[in-house]
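Got your viewer open? Switch to a cartoon view and let's walk through the strands one stop at a time.

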Amino acid sequence: TQKWVDQINALLGATVRFKITFTYTGNYQLENIKVKDVLPVCLQYANNANPVQTAVSGKNIFWNLTNTLTNGQSLSIQFDALVISTGTNINTAYISGSINGQLPVNCQDTATVIAEPPQPQGTLACQKQVWDSATQQWVEQIHAVIGNTVRFKITLTYTGNYDLQNIKVKDILPVCLQYANNANPVQTAVSGK
């Protein structure tokens, strides 16, 4: 959506961007601003915050800011994190400061990343048809009488960035049909229908 939101879905291996914004409302100055961001287990800090962090300890990122804010002013911090495991994970930011050097103030907020396994890198389409000897075409349906031999065709179409491997096909015949044992390519096994 190209918007800042409170929750996103992200694939394993993706990079997600966070923004912490805090706004001061008051008659004096907000000073001694400290920010602590606690990343969840599924995320790994990319070490690229703007402004640059003061320290990093495990999953905790710290900023000791020298800025002061007056009524209506805001500050923002942005950084990236890599999705390293799956699950629903909550990232929490804690902000603290003092008003006029004395009164402590603090707030916190969260953003959620629902980390998912990677999606398949392609699609596989399957089509089964039967030969119509009257029209000399592959069709979806024919009429046949007992004793006729009918020919089937299974077409697999793969679209993707990688090679499709370990292809397995299972065809289940209905009660009215008996396999003629003439597949091309030859079947791996036959079990009942």
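Start with the open sheet: 3 strands make it up, in the order β2-β7-β4, and their pairing is antiparallel. Keep in mind that you're looking at a predicted model.

Which strands sit at the edges here? Select 15-23 for β2 and 43-45 for β4: these are the edge strands, and each pairs on one side only. Now turn the view to look across the sheet; from one strand to the next, the twist averages 40°.

Next, select residues 74-83, which is β7. How many bridges join β7 to β2? There are 9, with the two strands running in the antiparallel sense. To see one of those pairings up close, show F18 and then F79 in β7, its bridge partner. As background, strands of a sheet pair through backbone hydrogen bonds, either parallel or antiparallel. So turn on the backbone atoms while you're there.

Move on to β3, residues 30-38, and add β8, residues 87-99. These two are also antiparallel, with 7 bridges between them. Pick K34 and look for its bridge partner in β8: that's S96.

Stay on β8 and add β9, residues 103-116. This antiparallel pair has 13 bridges. For a landmark, click T92, then find T110 opposite in β9.

Last stop: follow the chain round the hairpin of β8 and β9. What is there between the strands? You'll find 3 residues, and in this hairpin N100 takes a positive phi near 55°. Label N100 and have a look at its backbone.

Technical notes: Residues numbered from 1 in each chain as written. Predicted model: local features only at pLDDT ≥ 70, side-chain atom pairs only at ≥ 80, totals over all residues. Heavy atoms only, no water. Pairing = 2+ DSSP bridges. Helix = DSSP H or I, 4+ residues; strand = E, 2+ residues; numbered from the N terminus. Axes fitted to C-alpha atoms, helices over the stretch in contact; angles between N-to-C directions.
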